[in-house]
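User: I'd like to go through this one with you and ask how the labels were earned. Can you pull it up?

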Amino acid sequence: MGRWPAGTQERLQEAAIELFTERGYERTTVAEIATRAGLTERTFYNHFADKREVLFPDQDWFIAEVREAVGAAPAEQSPLDAIAGAFAARSHWFDQRRAAARRRRHILDAHTDLQERERAKLAALAEAIADALRTRGIPDPAATLTATVSVAAYQLASARWLADPQHATLGHHLHASFEDLHRTARTW
C-alpha cells in the first residue's frame, strides 16, 4: 500500500483551484487547501514545495517524458516531427483535464508571479528538448532555436485548445500549430 492515498495530488490541486477561484490566490493558504482536500498541511508539502507548485502538477514528469521521447525518436525523423510527436503522445492526459486546465489558466493569467513560474517551467522544457536534440547530434544554436520555437508552438496550441468552442483535442491543435511552423519555415 502506498504512503499516501491514491489521487492525493489531484485532490490537492482541485482544492487549490476551487479556493483560488472562490477566495483569490493571495488569500488562500496551504492549510486551507489541505483542509479542503481532507488532508494535512504536511501531506501538501509531501507533494508540492509551495502554493504555486500546486498549479504545475506533473511538470517534471512531463518535461522528462518529452525529453525522453525526443531523444528516442527515429534518427530519420526531423527534429520538429520528433518534438511534435512527443507532445502529441502526451496530449490525451491534458484532454482528460481540460476543465481544470481552463480554471488554472484564468488563475495564471491574473498573477504575474505565477506567470513567471510558468515561464520558468517552459524554459526548463525548452532546455530539456534542446538537450535531447543535442544528444541526437543537432548542434547549437540549431538545437536551442528548434526547441524554443517548438515550445512556442506548444504554447499556441495550448491556448487554442483552451479557447476552442468546438472542443477539439489538444492533439488536433498541436498538429495545426506544428503544420503552421513547417509552412512558415519553408517560406524563409
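**Pockets, packing and two odd spots**

Analyst: A good place to start is α9, which gives the most to the lining of the largest pocket, with 6 residues. Keep in mind that this is a predicted model.

User: What else makes up the lining of the largest pocket?

Analyst: α4 (59-72), α6 (91-95), α7 (98-109), α8 (112-135) and α9 (142-163) each supply at least two residues. The space in this pocket comes to about 530 Å³. Its lining counts 24 residues, and Gln59, Phe94, Arg104, Glu118 and Tyr154 are the closest to the centre. Sorted by class, the lining holds 15 nonpolar, 4 polar and 5 charged residues.

User: And what makes a residue part of the lining of the second largest pocket?

Analyst: The test is an atom within 4 Å of a pocket point. Leu80, Ala142, Leu145, Thr146, Val149, Leu181, His182, Ala185 and Trp188 are the residues that line this one. About 160 Å³ of space lies in it. Both α9 and α10 (170-187) supply at least two lining residues, and the largest share, 4 residues, comes from α9.

User: How many charged residues are in that lining?

Analyst: None: the lining of the second largest pocket has 7 nonpolar and 2 polar residues, and no charged ones. His182 is on the lining list, but only Asp, Glu, Lys and Arg count as charged here, and residues outside the nonpolar and charged sets go down as polar.

User: On to the helices. Why are α1 and α7 called oblique?

Analyst: Helix α1 (residues 8-23) packs against α7 at an angle of about 45°, and the axes are 10 Å apart. Under 35 degrees would count as roughly parallel, and 65 to 115 as roughly perpendicular. The angle fits neither range, so α1 and α7 are oblique to each other. Their crossing is left-handed.

User: Which residues make that contact between α1 and α7?

Analyst: On the α1 side, Glu14, Ile17, Glu18, Phe20 and Thr21; on the α7 side, Ala100, Arg103, Arg104 and Ile107. By class that gives 4 nonpolar, 1 polar and 4 charged residues. Arg104 turns up again here, being one of the residues closest to the centre of the largest pocket.

User: Why are α9 and α10 oblique rather than antiparallel?

Analyst: Their axes cross at roughly 135° and come within 8 Å. Roughly antiparallel needs an angle over 145 degrees, and roughly perpendicular stops at 115. The value falls between those cut-offs, so α9 and α10 are oblique to each other. The crossing of α9 with α10 is right-handed.

User: What meets what between α9 and α10?

Analyst: From α9 come Val149, Ser150, Ala153, Tyr154, Leu156, Ala157, Ser158, Arg160 and Trp161; from α10 come Leu170, His173, Leu174, Ala176, Ser177, Phe178, Asp180 and Leu181. The contact has 11 nonpolar, 4 polar and 2 charged residues.

User: How do you know that the bond between aspartate 140 and proline 141 is cis?

Analyst: Omega tells you: it is about 10° for the peptide bond joining aspartate 140 and proline 141, which is cis. Proline 141 sits in the loop between α8 and α9. Most peptide bonds are trans, so a cis one gets a mention.

User: Last one: what makes aspartate 58 stand out?

Analyst: Its phi is positive, about 65°, although aspartate 58 is not a glycine. Most residues other than glycine have a negative phi. Aspartate 58 lies in the loop between α3 (41-47) and α4.

Methods
Residues are numbered from 1 along each chain as its sequence is written. This is a predicted model: local features need pLDDT of at least 70, side-chain atom pairs count only at pLDDT 80 or more; totals for chains, interfaces and linings use all residues. Side-chain values use heavy atoms; hydrogens and water are left out. On a 1 Å grid over the protein atoms alone, a cavity is a set of points where a 1.4 Å probe fits but cannot get out, and a pocket is an open set with protein on both sides within 12 Å along at least five of seven lines; lining residues have an atom within 4 Å of a point. Grid points are joined across faces, edges and corners, and a volume is the space filled by probe spheres set on the points. Axes are lines fitted to C-alpha atoms, for helices over the stretch in contact, and angles run from 0 to 180 degrees between N-to-C directions. A crossing is left-handed if the near helix is turned anticlockwise from the far one by less than a right angle, and right-handed if clockwise. Contact means heavy atoms within 4.5 Å.
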